[in-house]
Amino acid sequence: MPLTAIQDYFTGDHAICYGCGSDNAHGLQVRTYWDGQYGTFHFSPQDYHTAFPGVVYGGLIASLFDCHCIGTAVAAAYEKEGRPPGSDPLIMYVTANLNVNYLRPTPMGSELMLKSHIIEQKGKKTVVACTLSADDTPCANATVVGIRAT
Ligand SMILES: CCCCCCCCCCCCCCCC(=O)SCCNC(=O)CCNC(=O)[C@H](O)C(C)(C)COP(=O)(O)OP(=O)(O)OC[C@H]1O[C@@H](n2cnc3c(N)ncnc32)[C@H](O)[C@@H]1OP(=O)(O)O
């Protein structure tokens, strides 16, 4: 597991994203740790992240999937090119498609774990799959299509 998340290499205009920008004080601060096979991210929902009593808001879950999977696509692209993360020329992806399945209510009060992996890397398109678990129980999964922007 790397000590530095891929998003910590993003600077300037690439660090303002609501989901993962380190310069966005109001953002979610998604951080993706890529080990060459899986991307991992832990998130603890706050009281205001609720949908109804005891259950995490689904839109928040979609946002976590979005930035974690795009971070996974970026990290995997650097690896595929045999370059250190963050090295020039900068690699960035945007989201073309985000598909979420809510499998069961995601409980408030537990740390959430997102685990992602690459389904496809072809040309400028990368497809990433991800599962979100609470207390080792999968609560949602997603597929994200990322398109290389830079
Ligand atoms: C400064 C400038 C750089 C900025 C760099 C960003 C920096 C950021 C830093 C932080 C990171 C944040 C991460 C947050 C993630 C977001 O929130 S990003 C914001 C939300 N997303 C957007 O605003 C994207 C809006 N959409 C677009 O700009 C364009 O539709 C896209 C996504 C670039 C694709 O357009 P395109 O390049 O013309 O794509 P095209 O050549 O037609 O298709 C390429 C491939 O993608 C597939 N594809 C295209 N669209 C779709 C789709 N909707 N569904 C499925 N597949 C699709 C095609 O089928 C094709 O597949 P193959 O035939 O190659 O197998």
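Mentor: A polar contact is a pair of N or O atoms within 3.5 Å, and within protein one of them must be able to donate a hydrogen and the other to accept it, while residues adjacent in sequence count only if both atoms are side-chain atoms. The model is predicted, with local features needing pLDDT of at least 70 and side-chain atom pairs pLDDT 80 or more, whereas totals for chains, interfaces and linings use all residues. Residues are numbered from 1 along each chain as its sequence is written, and side-chain values use heavy atoms, with hydrogens and water left out.

Trainee: Which residue has a side-chain N or O atom 2.9 Å from an oxygen atom of the ligand?

Mentor: The shell holds 17 residues, a residue being near if one of its heavy atoms lies within 4 Å, and Thr-95, Ala-96, Lys-124, Lys-125 and Ile-147 come nearest. Ala-96 offers a polar backbone atom 2.9 Å from a ligand nitrogen, and the side chain of Lys-125 has an N or O atom 3.0 Å from a ligand oxygen. The side chain at 2.9 Å from a ligand oxygen is that of Lys-124.

Trainee: How much of the ligand's exposed area does the protein bury?

Mentor: Accessible areas come from the Shrake-Rupley method with a 1.4 Å probe. Taken alone, the ligand exposes 1,300 Å². The share of this area that the protein buries is 49%.

Trainee: Which element gives the largest share of the shell around the ligand?

Mentor: Helices (H or I, at least four residues) and strands (E, at least two) are DSSP runs numbered from the N terminus. Those giving two or more residues to the shell are helix H1 (58-80), strand S5 (93-102) and strand S8 (137-148). With 4 residues, the largest share belongs to S5.

Trainee: Is the pair formed by Phe-41 and Phe-43 stacked, edge-to-face or tilted?

Mentor: Ring centres must lie within 6.5 Å to pair, and planes under 30 degrees apart count as stacked, over 60 as edge-to-face and the rest as tilted. The whole structure holds 1 aromatic pair. The ring centres of Phe-41 and Phe-43 are 6.1 Å apart and their planes stand at 50 degrees, so the pair is tilted.

Trainee: Is Arg-83 buried or exposed?

Mentor: Arg-83 lies in the loop between H1 and S5, and its side chain reaches the backbone oxygen of Asp-88 at 3.2 Å. Buried means under 20% relative accessible area, exposed over 50% and partly exposed in between, with a 1.4 Å probe and protein chains only. Because its relative accessibility is 17%, Arg-83 counts as buried.

Technical notes. Rings of Phe, Tyr and Trp (its six-membered ring) pair if their centres lie within 6.5 Å; planes under 30 degrees apart count as stacked, over 60 as edge-to-face and the rest as tilted.
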